[in-house]
Amino acid sequence: MILTALVVFLGGTLWTVTYSFTNSKLLPRADFVGFDQYERLWATERWQVSIENLMIYGLCSLVFSFIIGFVLAALMDQKIRFENTFRTIILYPFALSFIVTGLVWQWLLNPDLGIQNVIRSLGFTNFDFNPLYNPDIVIYGVLIAGLWQGTGLVMVLMLAGLRGIDGDIWKAARVDGIPMWKTYLFIVIPMMRPVFITTLVIIASGIVRLYDLIVAQTSGGPGISSEVPAKYVYDYMFQGQNLGQGFAASTMMLLAVAIVIIPWAMLEFGGKKRV
């Protein structure tokens, strides 16, 4: 495992960063051009749109998946009937591939076949809901599919954290007359800090790699309005035959992941002392 990490991951990363400073096209070549690829990258409208979409999707995905996942976990933690059944149903979308999810929601959000058509057939003829065909809100249509698939995993992680809370804490809170919402807000949530941090890292790493949903739902359209960095990298490296530009974009994605992973590692391990 150590050898694999050093050779494949670390070696591949260093190789990618090194050749991002070259003018590689179809094949890698050591023709160094400094920061030209990065300057060209950030001057490209498509890359700027990709970053904007990733920020919108990422922020909304983090906020809504945490809120919805925690609320579902809190409801599930009340020892409800058929808990296993509900938990399986909510988690099931996570077992599907992103391609399948994207195709399903492409159909559901199709104005001629999906939700809009069903609502209009009920008599609400002015109902308008076709986000995938509107360049201004298309990324939110992708967000719906992403939340549908990923919220179940967040719920399971949160539920595991809630089940790890000592039952005596709940009893003491009830004896002291503390409302349930205050118990969650001031006692339970602070105790679940490790679960929240781990969930944050898992979700954030998935956000940076967002690709499948975009390809399945919109293919980056309408126009370039739903482009994301991962698709930009793929298109330039394998279709545009511009490895240098693809390597530069990959390096920027690596930097985004490092911004998430390094603070997490410092929070988790930096403050711990050996006993």
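M192 touches F70, M158, G161, L162 and I165, leaving aside residues up to four places away in sequence. In this predicted model, M192 is also among the residues with the most contacts inside the largest nonpolar core. That core has 34 residues. The protein itself has 13 helices and zero strands.

**The cores**

- Alongside M192, the residues with the most contacts inside the largest nonpolar core are Y57, F70, M158, L162, Y184 and V188.
- Helix 3 (45-76), helix 7 (138-163), helix 9 (180-191), helix 10 (193-208) and helix 11 (212-217) each give two or more residues to this core.
- Which helix gives the most? Helix 7 does, with 11 residues.
- Another core lies apart from this one. It has 15 residues, including Y19, W47, M252 and M253.
- In soluble globular proteins, nonpolar side chains tend to be buried together.

**The overall picture**

- The elements are helical from the N terminus on, running α-α-α-α-α-α-α-α-α-α-α-α-α.
- The C-alpha atoms fill a box of roughly 70 × 70 × 30 Å, taken along the principal axes.
- The protein has 275 residues, and 37% of them count as buried.
- Among contacts with a separation of 6 or more, 67% come from residues 24 or more positions apart.
- The exposed area of the protein is about 16,000 Å². Carbon and sulfur atoms supply 69% of that area.
- The protein carries 18 positive and 17 negative charges. The mean positions of the two sets are 10 Å apart.

**Helix 3 and its partner residues**

- I56 is found in helix 3.
- Is I56 buried, exposed or partly exposed? I56 counts as partly exposed, because its relative accessibility is 24%, and the partly exposed range runs between 20% and 50%.
- I56 touches I139 and Y140, with residues up to four places away in sequence not counted.
- I56 and I139 are 83 residues apart in sequence. In space, their C-alpha atoms are 7.8 Å apart.

**The loop between helix 3 and helix 4**

- K79 lies in the loop between helix 3 and helix 4 (83-95).
- K79 counts as exposed, because its relative accessibility is 60% and the cut-off for exposed is over 50%.
- Along the chain, K79 and G167 are 88 residues apart. Their C-alpha atoms are separated by 13 Å.
- F82 is also found in the loop between helix 3 and helix 4.
- F82 has a positive phi of about 55°, although F82 is not a glycine.
- F82 counts as exposed, at 57% relative accessibility.

**Both ends of helix 8**

- Which residue caps the N-terminal end of helix 8 (residues 167-175)? D166 does: a side-chain oxygen of D166 lies 3.1 Å from the backbone nitrogen of D168.
- Just after helix 8 comes G177, with a positive phi of about 75°.

**From helix 11 to helix 13**

- P222 is found in the loop between helix 11 and helix 12.
- A cis peptide bond joins G221 and P222. Its omega is about -5°.
- D235 has its place in helix 12 (residues 229-239).
- Why does D235 count as buried? D235 has 11% relative accessibility, and buried means under 20%.
- D235 touches R46, E227 and G240, not counting residues up to four places away in sequence.
- Q241 is found in the loop between helix 12 and helix 13 (243-270).
- Phi of Q241 is near 50°, a positive value in a residue other than glycine.
- Q241 is partly exposed, with a relative accessible area of 42%.

Terms used: Residues are numbered from 1 along each chain as its sequence is written. This is a predicted model: local features need pLDDT of at least 70, side-chain atom pairs count only at pLDDT 80 or more; totals for chains, interfaces and linings use all residues. Side-chain values use heavy atoms; hydrogens and water are left out. A polar contact is a pair of N or O atoms within 3.5 Å; within protein, one must be able to donate a hydrogen and the other to accept it, and residues adjacent in sequence count only if both atoms are side-chain atoms. Helices (H or I, at least four residues) and strands (E, at least two) are DSSP runs, numbered from the N terminus. A nonpolar core is a set of buried Ala, Val, Leu, Ile, Met, Phe, Trp, Tyr and Cys residues joined through side-chain atoms within 4.5 Å. Buried means under 20% relative accessible area, exposed over 50%, partly exposed in between (1.4 Å probe, protein chains only). Contact means heavy atoms within 4.5 Å. Accessible areas come from the Shrake-Rupley method with a 1.4 Å probe; for residues, only the protein chains shown count as cover. Lys and Arg count as positive and Asp and Glu as negative; His and the chain ends are not counted. The place of a charge is taken as NZ of Lys, CZ of Arg, CG of Asp or CD of Glu.
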